[in-house]
Amino acid sequence: MLNRRVLLAGLLAFGAAPARAAVGKKPLVIVEKDPSCGCCNAWVEHLRAAGFPVRVIENDRLEPVKKARGIPRDLWSCHTAVVDGYVIEGHVPAAEIERLLADRPKAVGLAVPGMPIGSPGMEVANMAPEAYEVVAFGPSGTTPFARYLGDKPV
């Protein structure tokens, strides 16, 4: 009888990772955020609209989380997430998370420092979007990963 366990064992025997078996399925994003943060909720909705499943953990003590995840203080933002072994700090566009997961660079994760106007979840009516950089970070420092003006790559 073919059941899930037998199917997964077969996939592993042929070198296919179970997480990759479902074509198009995106990995779970676990987001830790302050319970009162509205822009964090908007960023979560941005991820869900892009097809990511998201679990939110309400946490009013994020400093220990950021330190434990190895996020340099100058990259801190209002929420921290984890997806498929990478850390995501701040208002990183879903498209860059997808690229991170596809390219699998040697990095701890991606960050958008601060809270730039126009970044996902930080859209403000009647305010011009700001230019901002998505950076990859890790033990050797930070490197540019993408540049945006609001929701548009530049």
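Asp 84 lies in the loop between β3 and β4, where strands are DSSP runs of E with at least two residues and helices are runs of H or I with at least four, both numbered from the N terminus. Although Asp 84 is not a glycine, its phi is positive, at about 50 degrees. Asp 84 is partly exposed, with a relative accessible area of 31%; buried means under 20% relative accessible area, exposed over 50%, and partly exposed in between, for a 1.4 Å probe and protein chains only. The structure is a predicted model, in which local features need pLDDT of at least 70 and side-chain atom pairs count only at pLDDT 80 or more, whereas totals for chains, interfaces and linings use all residues. Residues are numbered from 1 along each chain as its sequence is written, and side-chain values use heavy atoms, with hydrogens and water left out.

A positive phi in a residue other than glycine is also found at Asn 126, with a value near 65 degrees. Asn 126 belongs to the loop between β5 and β6 and counts as exposed, at 85% relative accessibility. Ser 119 is placed in the loop between β5 (109-112) and β6 (131-138), but counts as buried, at 0% relative accessibility. When neighbours within four places in sequence are left aside, Ser 119 is in contact (heavy atoms within 4.5 Å) with His 91, Tyr 132 and Gly 150.

The strands form an open sheet of 8 with mixed pairing, in the order β2-β1-β3-β4-β5-β6-β7-β8. Two strands pair if DSSP finds at least two bridges between them. In general, strands of a sheet pair through backbone hydrogen bonds, either parallel or antiparallel. The edges of the sheet are β2 and β8 (152-153), each of which pairs on one side only. At one edge, β1 (residues 29-33) and β2 (residues 54-58) pair in the parallel sense over 5 bridges, with Val 31 opposite Val 56 in β2. The chain passes from β1 to β2 through helix α3 (residues 38-49), and this β-α-β crossover is right-handed; that is, with the strands pointing away from the viewer, the path from the first strand over the helix to the second runs clockwise.

At the other edge, β7 (residues 141-149) and β8 run antiparallel and are joined by 2 bridges. Leu 149 stands opposite Lys 152 in β8. Helix α5 (residues 94-103) packs on the sheet and touches β3 (79-83), β4 (86-90), β5, β6 and β7. The direction of α5 makes about 140 degrees with that of β7, where axes are lines fitted to C-alpha atoms, for helices over the stretch in contact, and angles run from 0 to 180 degrees between N-to-C directions.

A search of the whole structure finds 1 aromatic pair. Rings of Phe, Tyr and Trp (its six-membered ring) pair if their centres lie within 6.5 Å; planes under 30 degrees apart count as stacked, over 60 as edge-to-face and the rest as tilted. Tyr 132 and Tyr 148 form a stacked pair, at 5.6 Å centre to centre and with 15 degrees between the planes. The pair links distant parts of the chain, as Tyr 132 in β6 and Tyr 148 in β7 are 16 residues apart. Both tyrosines, Tyr 132 and Tyr 148, are buried.

A disulfide is a pair of cysteine sulfur atoms within 2.5 Å, and by this rule the count is 0. Cys 39 is in no disulfide, and the nearest cysteine sulfur, that of Cys 37, is 3.3 Å away. Cys 37 is buried, with a relative accessible area of 13%, and Cys 39 is buried, with 14%.
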